[in-house]
Amino acid sequence: MLHLWLGGVEGLLQARELLFLGLGMLIGLFFGAIPGLGGATALALLTPLTYGLDSFTALALAGGVMGAVPMGGSISAILLNAPGSAPSAATCLDGHPLAQQGKAGLALGAAASANAIGGIIGTVSVLAILPIAKDLVLLFGPPELFLLAVLGLIVVSTASRGKMLRGLIAGVFGLMISFIGYNDVTGVLRFTAGIAYLWDGVHLVPALIGLFAVAEMINLSVKGGAIAKDAKTVGITSVTSGLLETFRHWRTVLRGSLIGTVVGAIPGVGGTVASFLSYSLTVQASADPESFGKGNIQGVIAPEAAINAKDCSCLIPTLAFGVPGGVEMAVFMGLLVLHGMQPGPLMLIDHQVEIYGLIWALTGSCVLASFLGLLVARPLSLLTLIDSQILVPVVTAVALVGSYAVDRNIGNVLVTAIFGILGYVMIRFDYPRLTMVVALVLGAAAERNFHQTTMMSDGNLSVYFHRKVCLVLLAGMAALLIAPFFRGFRKFRGLPK
Amino acid sequence: MKYLPAASLAVFTAIFLAMAYGYPSQARAFPVAVAWVTLVLVTLDIVSRTETKAGAAVLSRLNPGTAAPDPRPLGGQFGAAAWLAVFALTLVLIGILYTVPLYVFASLRFRGSRSWSTCLWIAALVTGGIWLLFAIVLRLELYPGYFFESR
């Protein structure tokens, strides 16, 4: 095994491979930071350009892109509340309030270090898991995937402390929106009102750009001033203190990385679930859950660690089964096929050195991008001092054009605008946007897996109690639902939290 | 005003439910279940906003941490939403390359009260940046607008 790992490192440590890795990292940082673009767009644009490269160099370039996108996404999520890609939306929840308090440097420093450490932990986990990957992925069938989606929603709803009812309402509203479009199990078009654009459902990335970036711009426009409330503090906040915070909260980093690794290994679940699940579980585990959403540094560390760890483990279903872990991986599969590598079990045998080279490229890029992020954190944090009257039209214009660029569909612009107004209403009336995002991501998959489970069990719901992983997931749900009452009971009895 | 979000969602859910019952049983099973749950939750939300004993009980158990919105002039909020709506619609009608400079310029001039020269150079910079990134680097065709689209 060791000689394969070293073979991957050796292949990567060539001048040409390092050059393309660095180039990929810069492209990934840039694409990650622009709302609506992200890793999938970058890879889609680069794939045809790699035709003339050998497969190892092409994988170094792709690894560079994929490893750096999360850091780029964190920069725009923290500074502008505009997630560069969907998983970074979780970073907005506490990263942007920190920027508003003039602590953008702290948040960016913590995000960069959590990114790097998460990536390394993810790599170590993948190197350990890869030999047994096949057995792990096969444990998850439709019943497990359905329960996993329900578990995700419960985790997030119970994390909305003090506003559980509104959290649940936002969640079920998100589910209703996720039902719009063509249902792939029944073949029925639902709730489209005759609008062809809605046949594919409400597109996720334009909706997220609206809910976060545009809603924040409306809010800023009404409030006036700049993002950072106190200009004096922006220059003082140290980036290195963000780095230290990450080490201080090592449990959060470890938990986030492990969540990212596990979720990333499950096909079709994706980074958004990993980052939000990590965030929610950190809120659950915290002694001070009320501080989340108001600028708690752990709210930045948890999703960032999960996102980068997920990037590595996403390779498991993609390479081992040819089942992409997300959109980015689907595009990446195209690049593999272009270079004569057919994803599937045989790939784990025929292209082992390339696979390990890719894993190292991804890790190297994520660590290098984090260093670069740390270097530019301080100058970038000055962006939060720009007056809203200048910032609002500029960011709104880039956000709406970016949402069009996702799949060159002008309908995306209208979706972004509608979700922008909806997001502002949710901010004003104190409805958590977190549960809505998770419902939008999981809704269609939850319904599909529910139908598949019903079909495979002839409508017998006891199937959920006959499978080991299902029982573990059900126990997790029960524990999460009981935990708040237990905490309340301890509070009532005057016991420590 | 405090009932507006919950009441709007109740209306939306009722329409959603009415549409759902028009689909075959398997296709509507999950959406109908979710919609009924929504109606129950929205009813609880409405009750929690009433100044009654039941309202106080629901609020204290399920929504204790929610805060009333800070007072803001309605005109300013509608104005901000209207600027966004007009921008989005104009993008659809006359395309990206005409709308972006117009919107940035108008927004800076009429909402930001900036000087003509500042508005002009920022509008030119933003449009140039968008054109360079999307049209040149990414080779994306910038949407020409409904009126200018070749049919």
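Is T99(B) buried or exposed? Some notes on that and on the rest of this predicted model, point by point.

1. **T99(B), the short reply.** T99(B) counts as buried because its relative accessible area is 2%, and the cut-off for that class is under 20%. On the secondary-structure side, this threonine sits in helix α5 of chain B.

2. **What surrounds T99(B).** Leaving out residues up to four places away in sequence, the neighbours touched by T99(B) are F87(B), T90(B), L91(B) and I94(B). One of these, T90(B), also offers its backbone oxygen, which the side chain of T99(B) reaches at 3.2 Å. If you're looking at the side-chain placement, that polar contact is the one to pull up on screen.

3. **Chain A by itself.** Chain A has 497 residues, and 62% of them are buried. Its secondary structure runs to 23 helices and two strands. Take the contacts in chain A with a separation of 6 or more: 79% of them come from residues 24 or more positions apart. As for the outside, the accessible surface of chain A is about 17800 Å², with carbon and sulfur atoms holding 70% of that.

4. **How much the two chains share.** On the chain B side, 64 residues make contact, and they meet 59 residues of chain A. Together the chains bury about 5600 Å², and carbon and sulfur atoms account for 76% of that area. Within chain B, the residues losing the most area to chain A are F30(B), R72(B) and L84(B), which together give 12% of what that side buries.

5. **Polar bits of the interface.** The rule picks out two salt bridges between chain B and chain A. One that I can name pairs the side chains of D387(A) and R114(B), at 3.2 Å from N to O. Polar contacts across the interface of chain B and chain A come to eleven residue pairs, with both partners at pLDDT 80 or more.

6. **Which parts of chain B do the touching.** Six helices of chain B each put at least two residues into the side facing chain A: α1 (4-20), α2 (25-49), α3 (53-62), α4 (74-94), α5 (96-111) and α6 (116-137). Of the residues on that side, α2(B) supplies the largest share, with 13. Sorted by class, the side of chain B that touches chain A holds 46 nonpolar, ten polar and eight charged residues.

Technical notes:
Residues numbered from 1 in each chain as written. Chains lettered and ligands numbered in written order. Heavy atoms only, no water. Contact = heavy atoms within 4.5 Å. Buried area = accessible area lost by both parts, 1.4 Å probe. Salt bridge = Lys/Arg side-chain N within 4 Å of Asp/Glu carboxyl O. Polar contact = N/O pair within 3.5 Å; in protein donor to acceptor, adjacent residues only side chain to side chain. Helix = DSSP H or I, 4+ residues; strand = E, 2+ residues; numbered from the N terminus. Nonpolar A, V, L, I, M, F, W, Y, C, P; charged D, E, K, R; others polar. Buried < 20%, exposed > 50% of the residue type's maximum accessible area, 1.4 Å probe, protein only. Areas by Shrake-Rupley, 256 points an atom, 1.4 Å probe, with all protein chains shown as cover.
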